[in-house]
Amino acid sequence: RFLPLLYNRRHLGVLTAAVAVTHAYAALDWYFSYGPYDRFEMLLRGNTSFFQAHGFPFEVFGIFALLVMLLLAATSHDFWLRFLTPPIWKALHMALYAAYLAVVAHISLGALQAAQNPMLAVVVGFCAVGVAALHVAASRSRIAEAPVVDGWLDAGPVSAIEEDHGIVVAPPDGESIAIFRHTGRLSAVTNLCAHQNGPLGEGRVIDGCITCPWHGYQYRLEDGCAPPPFTETLATFRLRIVDGRVWIDPVANPPGTFVEPVTVP
């Protein structure tokens, strides 16, 4: 029931940018409206001690984070995704991490320096450490490269693939491949969703279609095509089962190519 929130999280990002703009306007209006100089000039004059925490110009971190959030909000529509192509669009939106670090620095060198209640420091520390820990944990779950024998990749035992779930196989060269099991049969497609290069192997089969965990884009298992009226297609791969192990041909078929699913003995 919470998947719609996950699939539409870009709208939460746009809302966050709007909150940041409101904060910036309120700060300028509250602190710098009655000085002898322009408010924007006063913003950069207030703190100039670059070599100590107290008086450090924490405002520059806030300005940087605000600009990044505005850029991401302005390019959040699918038009920019298609125009820039998914790899470039996704690389651009990775700047969110830099914005997050800048927000932490902005608060740590600003509000925390004058805070009377330690709860703000606890909340900021918990959030920063929590986000970092989650990313470290995710980075440790990297997919090991599959061994190649006679041009085929050993994807492991059939029993490792649960019904309506998938595994991810990493060829020595090239993009990773997702293998799914549905109704006792195996199919393989590229692990990159055609929408935003999302990790399809981390999704599952819903209503008979591979469903991307990022935004819910769906693809048929046998040919990698999105169900009508959608037109996205994925590259497919040939599979075979030998002595209870799954083998995959790492040479991709053109997107939308039909490949008969392999029945699990």
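Here are some exercises on a predicted model, each with a worked solution.

**Exercise 1. Ring pairs**

Classify the pair F50 and F56, then the pair F79 and W80, as stacked, tilted or edge-to-face.

*Solution.*
- Step 1: Recall the cut-offs. Ring centres must lie within 6.5 Å to pair, and planes over 60 degrees apart count as edge-to-face.
- Step 2: Five aromatic pairs are counted by this rule. In one of them, F50 and F56 sit 5.8 Å centre to centre with 75° between the planes, which is edge-to-face.
- Step 3: For F79 and W80 the centres are 5.1 Å apart and the planes stand at 80°, so this pair is edge-to-face.
- Step 4: Add the surroundings. F56 is buried because its relative accessibility is 16%, while F79 is partly exposed at 43% and W80 is partly exposed at 31%.
- Step 5: Look at the grouping too. F50 and F56 join F61 in one aromatic cluster.

**Exercise 2. Charges over rings**

Find which ring R45 lies over, and which ring has the charged end of R240 over it.

*Solution.*
- Step 1: Start from R45. Its partner is Y37, and R45 lies over the face of that ring at 3.9 Å from the ring centre.
- Step 2: Now take R240. Its charged end sits over the ring of W152, 4.0 Å from the centre.

**Exercise 3. Two helices in contact**

Describe how helix α2 and helix α4 cross, and what kinds of residue make up their contact.

*Solution.*
- Step 1: Choose the descriptors. Two packed helices are described by the angle between their axes and the distance between the axes.
- Step 2: Fill them in. Helix α2 covers residues 9-31 and helix α4 covers residues 59-74; their axes come within 9 Å and cross at roughly 140°.
- Step 3: Give the handedness. The crossing of α2 and α4 is left-handed.
- Step 4: List the residues that meet. From α2 come V14, T16, A17, A20, V21 and A24, and from α4 come L66, M69, L70 and A73.
- Step 5: Sort them by class. The contact has nine nonpolar residues, one polar residue and no charged residues.

**Exercise 4. Just past α4**

Decide whether S76 is buried or exposed, and name the residues that S76 touches beyond four places in sequence.

*Solution.*
- Step 1: Locate S76. This residue is in the loop between α4 and α5 (78-84).
- Step 2: Apply the cut-off. Buried means under 20% relative accessible area, and S76 is buried because its value is 12%.
- Step 3: Collect the partners. Leaving out residues up to four places away in sequence, S76 touches R10, V14, W89 and H93.
- Step 4: Link back to the helix contact. V14 is also among the α2 residues that meet α4.

**Exercise 5. Sequence and space**

For L96 with P261, and for H165 with H182, set the separation in sequence beside the C-alpha distance.

*Solution.*
- Step 1: Place L96. It is found in helix α7 (residues 95-109) and is partly exposed at 48% relative accessibility.
- Step 2: Read off the separation. L96 and P261 are 165 residues apart in sequence, and their C-alpha atoms are 39 Å apart in space.
- Step 3: Check what L96 does contact. Beyond four places in sequence, L96 is in contact with V68 and L72.
- Step 4: Place H165. This residue lies in the loop between β2 (152-157) and β3 (166-169), and at 34% it counts as partly exposed.
- Step 5: Do the same for the second pair. H165 and H182 are 17 residues apart in sequence and 7.7 Å apart from C-alpha to C-alpha.
- Step 6: Add the contacts. Beyond four places in sequence, H165 is in contact with I179, F180, R181 and R204.

**Exercise 6. Backbone exceptions**

Explain why a positive phi outside glycine, or a cis peptide bond, deserves a note.

*Solution.*
- Step 1: Set the background. Most residues other than glycine have a negative phi, and most peptide bonds are trans.
- Step 2: Take T183. Its phi is positive, about 50°, and the residue sits in the loop between β4 (177-182) and β5 (185-190). T183 is exposed, at 52% relative accessibility.
- Step 3: Take N197. Its phi is positive at about 60°, in the loop between β5 and β6 (204-206). N197 is partly exposed, with a relative accessible area of 27%.
- Step 4: Finish with the peptide bond. The bond from P228 to P229 is cis, with omega near 10°, and P229 lies in the loop between β8 (218-220) and β9 (236-237).

Key: Residues numbered from 1 in each chain as written. Predicted model: local features only at pLDDT ≥ 70, side-chain atom pairs only at ≥ 80, totals over all residues. Heavy atoms only, no water. Phe/Tyr/Trp six-rings, centres within 6.5 Å; stacked < 30°, edge-to-face > 60°. Buried < 20%, exposed > 50% of the residue type's maximum accessible area, 1.4 Å probe, protein only. Lys NZ or Arg CZ within 6 Å of the ring centre and 35° of its normal. Axes fitted to C-alpha atoms, helices over the stretch in contact; angles between N-to-C directions. Helix = DSSP H or I, 4+ residues; strand = E, 2+ residues; numbered from the N terminus. Left-handed = near helix turned anticlockwise from the far one by under 90°. Contact = heavy atoms within 4.5 Å. Nonpolar A, V, L, I, M, F, W, Y, C, P; charged D, E, K, R; others polar.
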